[in-house]
2 protein chains.
Amino acid sequence: MAFKEYLMIPGPTPVPARVLTAMGRQMINHRGPSFSSIIKEIVEGVQWAYQTKNDIIVLTTSGTGGMESSIVNFLSPGDRVLSLNIGAFGNRFAKIAKAYGADVDEVKFERGKAVDLKTVEQKLSADKDKKIKAVLVQQNETSTGVLNDIKSIAELVHKHGALIIVDAVSGLLTAPLKVDEWGLDVVVSGSQKAFMVPPGLAFVSVNKKAWAAHENAKMPRFYFDFKAAMKFAEIGETPWTPAVSIVFGMQEAIRMLKEEGLDNIFARHEKMAKAVRAGLRALGLKLLVEDDKIASRAVTPVFPPEGIEADKLRKVVREKYGVVLAGGQEDLKGKLFRIGHLGYIDKLELLAALAALEIELGTGVKKGAGVAAAEEVLA
Amino acid sequence: MAFKEYLMIPGPTPVPARVLTAMGRQMINHRGPSFSSIIKEIVEGVQWAYQTKNDIIVLTTSGTGGMESSIVNFLSPGDRVLSLNIGAFGNRFAKIAKAYGADVDEVKFERGKAVDLKTVEQKLSADKDKKIKAVLVQQNETSTGVLNDIKSIAELVHKHGALIIVDAVSGLLTAPLKVDEWGLDVVVSGSQKAFMVPPGLAFVSVNKKAWAAHENAKMPRFYFDFKAAMKFAEIGETPWTPAVSIVFGMQEAIRMLKEEGLDNIFARHEKMAKAVRAGLRALGLKLLVEDDKIASRAVTPVFPPEGIEADKLRKVVREKYGVVLAGGQEDLKGKLFRIGHLGYIDKLELLAALAALEIELGTGVKKGAGVAAAEEVLA
């Protein structure tokens, strides 16, 4: 058995001791003045991370619940929706919309590729009657490790007039997302990713255009209803009892992130992604995403060498070295493994994970080669 | 300002140090073997608390989300539902059902009274065509501090054939709820009440009859879909990333509760309720619920003396003594205050709260009278 654990999955990420300690705080009244001031601090912090002045809805739920809320609050059954699908979370977004009766035009792109802008342009310009009410897209697709060009997609959507609803759960803070400057109508994130907090809270930003759509949105909702949420947000509360401990954790995490600064946070994630890619390539491994420009700063999917099963390799590095990696999802299950490097994961832990792979991959690989290549990037 | 805080609201309850410490544990992979064994331990513990062998669904949500899930998984739009409404949470249950298109027959009982069995019998026997698909009811109504006779209500519902869906969020573990013996089809609870864990998780039990109804239930759902939940429950996982820290807390809390034993937990809550009622009466205060038999073991609503505003009194005892009490809800807002005494609240804290009220209520009240009366019960 391994002595220590290195959690390198794309969320939950490890949580800093400062955040864990903050979460050890005793319960307080979620309808009292102290709690209200914490909620206000968090909302302001999430706005900072989003680079927005839009309203922020705080929900006690997983990222998937946040995704659901970002659909059911702005659409009606029968509404046409364009789903830009580059992986498992694209599938999930489309499935949620379908479950609530949307008429989903699902455009699937090759796994490992980003959304193709020309396809989006064609789809939107072909919609002369403006039937498409919303475009669903991931900033970062966790299953394939691809970063979409949200800025350019948003420009195309603006020309058309539909809402752009962005799942930024795994992407937020790993790469810039300028919610106001890019005019993103609805953006979802979760506590357990680059915020470095345990799972349990989701955050959704809503701009004026989205609030106008909310007025006519008829998909049924209660727990996730944003009108109720907004009424309470004005007094620093949530309509239902929130995950108080996770709120305490968010308060501390936001303070840490602000100390680091947005540009440093983006640079840290960019460097980690570059380093792991250099290391894996030096080990002779094939990446799912060869194009560096669209490579995720949160997670890197990589194929095992010929003759080695991905999930068996994951099991060995977990049991022998304590390095916990993620498997493939959906079509990619068993075919590759994924190294998470977002949130509270340090560059030396990245080297440790590469070292474990190097030792375990055996004779075909030159010992130290992966670590050396990653060190070059990190230096 | 007060030096220490005594949180005496009906949830979140204070959390034992053992539970807070357990929650300080670092994140682990929610798709790995260690986490899976913890989920299995929790499910078994919740079954123990429910006195059931039914399936248990673990959700990352507030109690209200748990209530929503217990409706949308078992009903279709247009289904007739009988809502037995004795307070704010009865209102909420009905509102959720309406939001998803149910045809709700809402029977409101006087605030401070339990569900009247004769009315239920009449309603159900009048439904010759068996249009009523489900009966919604609270075990304990948090807003009015009333305990319903779930066993007798269930017997009436069984004669009719509808599903009985019980909101036991604030009632579970404060008074017996024999899910299997009483044949309760769907039962919801939450982590932040007598489980003594921070908010963030809800638990729903589902029996065979309810699973059969689930097969034909057409209300839209995705995040709260129990088919997805059950598929993952079988391998000790949840479909979406769960609130990992709250799961750690639940594991420890269930161990503590098992050490105490079910009968002792019920007896503790019963004694606390009796003591606070005796104390408040000795102070000359009027209780909303005069009938001891239906009085909640979780929370006691009480009117302030003539000429004193409930919310002003709450503010004073919070600021001067650190005693945090709950206000009235909906129609009762501003009219009364509520003392929470479920979960991790100790008998001496109850005396402390009574003492603070005694000091503050001033000349009309004999100092020590309330504490003395409560001590008599606790002795």
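How many Å separate the centres of domain 1 of chain A and domain 2 of chain A, taken over C-alpha atoms? The tour begins with that question, and it should be kept in mind throughout that the model on the screen is a predicted one.

**First stop: the two domains**

Select residues 6-13 together with 261-378 of chain A for domain 1, and then residues 17-259 of chain A for domain 2. The centres of these two domains, taken over C-alpha atoms, are 27 Å apart. Where they meet, 25 residues of domain 1 of chain A are in contact with 25 residues of domain 2 of chain A. On the domain 1 side of this meeting place, the elements that give two or more residues are α10 (262-282) and β11 (299-302) of chain A.

**Second stop: strand β10**

Now select residues 201-206 of chain A, which form strand β10, a mostly covered strand in which six of six residues are buried. If you show the side chains, A:L201, A:F203 and A:S205 point one way from the strand, while A:A202, A:V204 and A:V206 point the other way.

Next, add strand β2 (residues 55-60) of chain A, which runs antiparallel to β10(A) and is joined to it by six bridges; within this pairing, A:V58 has A:F203 as its bridge partner. Then add strand β9 (residues 186-190) of chain A, also antiparallel to β10(A) and joined to it by five bridges, where A:V187 is partnered by A:S205.

**Third stop: a β-α-β unit**

Select strand β3 (residues 80-85) and strand β4 (residues 103-108) of chain A, which run parallel and are joined by six bridges; one place to look is A:N85, whose bridge partner in β4(A) is A:K108. With helix α4 (residues 88-99) of chain A added to the selection, β3(A), α4 and β4(A) make a right-handed β-α-β unit.

**Fourth stop: the nonpolar core**

Centre the view on A:V135, which, together with B:V135, has the most contacts inside the largest nonpolar core, a set of 268 residues. Leaving aside residues up to four places away in sequence, A:V135 touches A:L82, A:L84, A:V157, A:A162, A:I164 and A:I165.

**Last stop: the two chains**

Finally, show both chains: a turn of 180° with a shift of 0.0 Å along the axis lays chain A on chain B with an RMSD of 0.0 Å, which is the relation of a two-fold axis. To find this axis, select A:T61, the residue of chain A that comes closest to it, at 2.6 Å (C-alpha). Of the interface residues of chain A, 100% are also interface residues in chain B, so the copies meet through the same surface.

Definitions and conventions. Residues are numbered from 1 along each chain as its sequence is written. Chains are lettered from A and ligands numbered from 1 in the order in which they are written. This is a predicted model: local features need pLDDT of at least 70, side-chain atom pairs count only at pLDDT 80 or more; totals for chains, interfaces and linings use all residues. Copies are superposed by least squares on the C-alpha atoms of residues with pLDDT of at least 70 in both. Two residues are in contact if their C-beta atoms, placed from the backbone, lie within 7 Å. Two strands pair if DSSP finds at least two bridges between them. Helices (H or I, at least four residues) and strands (E, at least two) are DSSP runs, numbered from the N terminus. A crossover is right-handed if, with the strands pointing away from the viewer, the path from the first strand over the helix to the second runs clockwise. A nonpolar core is a set of buried Ala, Val, Leu, Ile, Met, Phe, Trp, Tyr and Cys residues joined through C-beta atoms within 7 Å. A residue is buried if 20 or more other C-beta atoms lie within 10 Å of its own, exposed if 12 or fewer, and partly exposed in between; C-beta atoms are placed from the backbone. Domain bounds come from an automatic or database domain assignment.
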